[in-house]
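Visitor: I would like to understand how the words used for a structure are tied to values. Could you take me through this one slowly, please?

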Amino acid sequence: MPKAMKLAAPLLALALLSGCATGGVPSAAGTKLSSDAAVSGQITVWSWDVAATALKRLSKEYTKEHPGTTINVVDIGYDNAYDKMSVGLQANSGLPDVITVETDHMPAYIHQFPKAFTDLKPLIGADEAQFDPSKISASSSADGKLLSMPWDSGTVALYVRTDYFKAAGVDPNKLATWDDLITAGEKVKAATGHALISTDLSTGSLFQMLLQQQGQGIFTPDGAINLTSAAAVKALALIKTMNDKGLLDNVKGWDGRVTATKNGKSAVMPEAVWWIGTLTGEMPELANKITVVPLPAFTAGGTQTSNDGGSTLAIPTQAKNPQLAGSFVKFMLANKDNQVSMMKDEGLFPSYLPALDAPLFHAPQAYFGGEKVYELFAAQTPKIPSIIYTSDNAKAGDTVSSAVVAAVLNHQDPAAALKSAAEQIATATGRKIAQQP
Amino acid sequence: MTSTLLRPSRRPSANAGGRAGARSTARRRRPGYWFVLPAVGLFAIFFLYPLLSSLWQSFFSTTGGESTWVGGAQYLRLFHDPLVAKSLFNVGLILVIQVPLMVCTALGLAYLLNQSWLRFRTGFRAMHFLPAVTTLVAYSLVFRVMLATDGGAVNQLLAMVGMSPVDWLNSEAWSRVALIASITWRWTGYNMVIILAGLQGIPAELYEAARIDGAGRWAIFTKIVIPQLRPVILFSSITSTIGALQLFDENFILTGGGPNNATLTPVLYLYKVGFQQFDFGYASAIAWLLVAIIAVVSVVQFAIMKEKK
Amino acid sequence: MTQTLKRLPVYLVLLVGAALSIIPFLWMVIASTHTTAALFATPLPLLPGGELWKNLARLQQETNFSQVMLNSLVVAVIYTAFSCVVSAMCGYGLAKFRFRGRGLVLGAVLLTMMIPMQVLLVPLFQMMASLGWVNSYQALILPFLANAFGIFLMRQAFLDFPDSLIESARIDGAGELKTFYRIVMPVARPQLAALMIYTFISQWNSFIWPLLMLNTEDKYTLPVALNTMIGLSRVDYSGLMLGSLLATLPLLLVFIIFQKQFVSGLMGGAVKG
């Protein structure tokens, strides 16, 4: 009895281990999708939040048009969605037919699990050009495959408290550059005592947004570390200046930003288009007090937008019914009417550019005093600069956030803080620091 | 929260040699196997494989979906990684500050609750135990809201007594304080209930004898109560120590390891390495380093316990 | 009079402790009765509002809360029952029998307590997937059925158990298993009760593993369902607080009812010596 037991354990382990050695790598590169295959059967889709609501709603339309199909939409919650999906990718099983992945998470997945996603190019062909280019680029692999389809955009603009600006005698439409905004901020502070911007410095997202506005990311196209570039220093110095002049209100997390906005802590909010949902939902009392203008540029005439957020839909190669999945994804996203409907019902701003022509985007919005805010976002979306993501973005992100805090709150010199961050990332990832001209 | 009862009592069975004879010893041996079989079988099937798998993976490095054999490189990397050092420093800090703080508080509260004349004992006990049964999601959200720099309840309270607000979750030093406070809040009542039970197990005669000898309250406390409570206090300390070294839940949800890794712990770090950077080999190496440290600390605590006996 | 005065500080300290312990719950109660928007206003609402039924209705609609609660109950009860039996048997075997490899088993159990569970998640997930157990309750229950803490607690309980009782049962011709169930377990009831409560609580609140394993909303347990209420660009705080409150109440109830057992049980395991 005991002897048997003593032998069994290691043998069992060995047997299972050999299974483990081959686990984690998909054996096939995925089914080749065809854009008009006959579909049947059922699929499961994972999503969260309003995205899940949109999927559930439109899946009913889809099944009406395609009898004999069933679409199961599961809300897996956003908070730990990536842990769930990462485990499924790593184990090469456990994932459904369609998953929702945010645009900025896609590059890491593509790099780490290059064979885990089905190429969507055959599905939409030339239609690919109709999507927001910055999103297509983030969803594409190095060998030209489209591994997820862009869904909604996180086009950024500046939300301005008109009442504060009025009190300070500043016209929100005259903010051509960030310097103009800082000057305005000082006037607002003098007149109303309020700060200029509320942001969560510890996430580093403001810095990365400013960097993207200048067309750059943490890494260069050939994978070197870009933090010592002039643009990066400029972005960080800008935030530091704001803080030094008492114009920055540092808050914590989502709840921090919402509370700060609700309590009118600051005069402007550089936020994405989906912020509108939060404003109308949580802060109805601020109606008619907010206007939307493009981001100030770094130099007059420069880019006035950036990106923050936005999701995509991907089909893992482990999907059991990839053809139906492909057909459904195409129905949801490469479809003008459906994209418009999602804007209307769920506030998801399309990255499918033809949808932006719809009358909805040219209608006055009561919350903003009749302004046609969606027109502004529609005009800016195609101008979002594409940037490079690498598999080390997540690793670098924490270091970048620390540099932001060090420079802004702890008074370190921005160039020095960024150089130190670049060096840390170089050590941790083995990449080179890009030589700056 | 893992816990362990580290009293490997080697007390022999009351009548070990009593009935004598090889037969009865064999008799006593075989059923033992049957009793432990379910647990051992379950461990072997569901624990051994993942354990060995993680050990195996620690010899690989994964980038771009490809795993390559690197021998002991991931272990060597541990010694050059400033974040490993920082996370160990952080748990060390928590171990040295939070565990004694919590055990002493629990002891004090239990002692007060043990007063024979006390009313509402059940109510007090239940209220103090409440934090230990809360769902993590809820309590962390509540704490985040309460510790918010602007308008958070804690800062509002400080303002009421004339103190300036504290940037709880954004400053390195204060975030550590906030973390220690939240762990203490969560587990003090739990330990208090355990120690209280120990207190109630102290025979009344001991108190009587001490009083007859003219001992004062403090003397009774230090010479009777503490010695009698030693096993319980040790249980509490050891549980809390292992919990501190393996800290993950509280800082994962409250601070995410920040700001600037001030509240990063080894388990949180290995979780990030595994699930955000997908380097499961390195995550495994970190885990095994932690196991080694916990094993050493446990052995030390064993030794201290044996000596005092 | 002086006696009451002397006692006052004690009550004061305990009141402070109790207050600190329950303040977050009071906040949860208040938050459950307001709209999410109201929770972000300053000053914070200090009194309950009137949104309780609306929040409850929304909670039920968004997460099918009653089903989720039932799921948690089923999983926790089944797990607790089987896990405690396994722990008791193993603890008994380790305590009362001398066999070769006993030290090894003890050491292995200790080891499992030292390993951070996070590092085992991926291989264990792979195993569940290859067994076809993804999105099943057996995946929640079986892998962790053998529980190191439980085994140790029971071992301590049985170490102190008088051998004479076991011997006399053997003399009377009772089989080992019968002896175990009829004689030994009943006497160890306090420790067993303590273990059952502790096990129930940790399974009820178990989060990461069910999160990874459960893929359909009708199977979600409480922590997973509550977590889905934390969205990307909106968090239903009031619903979340209400859900968390309701999720905590059964545990509190269990503790209050079994308080005496719980306390004396843990004691029996830890104090003697």
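Guide: Let us begin with a word we shall need throughout: two residues are in contact if their C-beta atoms, placed from the backbone, lie within 7 Å. Please keep in mind that this is a predicted model.

Visitor: What makes 13 residues of domain 1 of chain A count as being in contact with domain 2 of chain A?

Guide: Each contact needs a pair of C-beta atoms within 7 Å, and by that test 13 residues of domain 1 of chain A are in contact with eleven residues of domain 2 of chain A. The two domains of chain A are 41-153 + 309-357 for domain 1 and 156-306 + 386-429 for domain 2, and their centres, taken over C-alpha atoms, are separated by 29 Å. On the side of domain 1 of chain A that touches domain 2 of chain A, α4 and α6 (133-139) of chain A each supply at least two residues. By class, that side of domain 1 of chain A has five nonpolar, seven polar and one charged residues.

Visitor: Why is helix α9 of chain A called largely enclosed?

Guide: A residue is buried if 20 or more other C-beta atoms lie within 10 Å of its own. Eight of the nine residues of α9(A), which spans 205-213, are buried, and therefore the helix is largely enclosed by the rest of the structure. The buried residues include A:L206, A:F207, A:M209 and A:Q213. Among the elements that cover the buried residues of α9(A) are β5 (156-161), α10 (230-244) and α16 of chain A. Just after α9(A), A:G215 takes a positive phi of about 80°.

Visitor: Which residues have the most contacts inside the largest nonpolar core?

Guide: They are A:L236, A:V404, B:I195 and B:I286, in a core of 297 residues. Helix α4 of chain C, residues 65-96, gives the most to this core, with 13 residues. As for A:L236, once its neighbours within four places in sequence are left aside, its contacts are A:F207, A:V404, A:A407, A:P414, A:A417 and A:L418.

Visitor: What makes β2 and β4 of chain A edge strands?

Guide: The open sheet of five strands in chain A has the order β2-β1-β3-β10-β4, with mixed pairing. Strands β2 (69-75) and β4 (149-150) of chain A each pair on one side only, and for this they are named edge strands.

Visitor: How do you know that β3 and β10 of chain A pair?

Guide: Two strands pair if at least two bridges are found between them. Four bridges join β3(A), residues 98-102, to β10(A), residues 311-314, and the two strands run antiparallel, so the requirement of at least two is met. In β10(A), the bridge partner of A:T100 is A:L313.

Visitor: How is chain B built, and what joins its two domains?

Guide: Chain B holds twelve helices and two strands, and its domain assignment gives domain 1 (22-73) and domain 2 (80-308). The centres of these two domains of chain B, taken over C-alpha atoms, are separated by 31 Å, while eight residues of domain 1 of chain B are in contact with eight residues of domain 2 of chain B. On the side of domain 1 of chain B, α1 (22-57) and β1 (60-63) of chain B each supply at least two of these residues.

Visitor: What do the contacts of chain B with chains A and C involve?

Guide: The contact between chains A and B takes 31 residues from chain A and 25 residues from chain B, and α1(A) gives the largest share of chain A's side, seven residues. The contact between chains B and C takes 79 residues from chain B and 81 residues from chain C. Here α1(B) gives the most to chain B's side, with 19 residues, and that side of chain B divides into 54 nonpolar, 20 polar and five charged residues.

Visitor: How confident is the predictor in chain B?

Guide: The mean pLDDT of chain B is 81, and 88% of its residues reach 70 or more. Among the elements of chain B, α5(B) has the lowest mean pLDDT, 79, and α3(B) the highest, 92. Over residues 1-22 of chain B, however, the pLDDT is below 50.

Terms used:
Residues are numbered from 1 along each chain as its sequence is written. Chains are lettered from A and ligands numbered from 1 in the order in which they are written. This is a predicted model: local features need pLDDT of at least 70, side-chain atom pairs count only at pLDDT 80 or more; totals for chains, interfaces and linings use all residues. Domain bounds come from an automatic or database domain assignment. Ala, Val, Leu, Ile, Met, Phe, Trp, Tyr, Cys and Pro count as nonpolar, Asp, Glu, Lys and Arg as charged, and the others, Gly among them, as polar. pLDDT is the predictor's confidence in each residue, from 0 to 100. A nonpolar core is a set of buried Ala, Val, Leu, Ile, Met, Phe, Trp, Tyr and Cys residues joined through C-beta atoms within 7 Å. A residue is buried if 20 or more other C-beta atoms lie within 10 Å of its own, exposed if 12 or fewer, and partly exposed in between; C-beta atoms are placed from the backbone.
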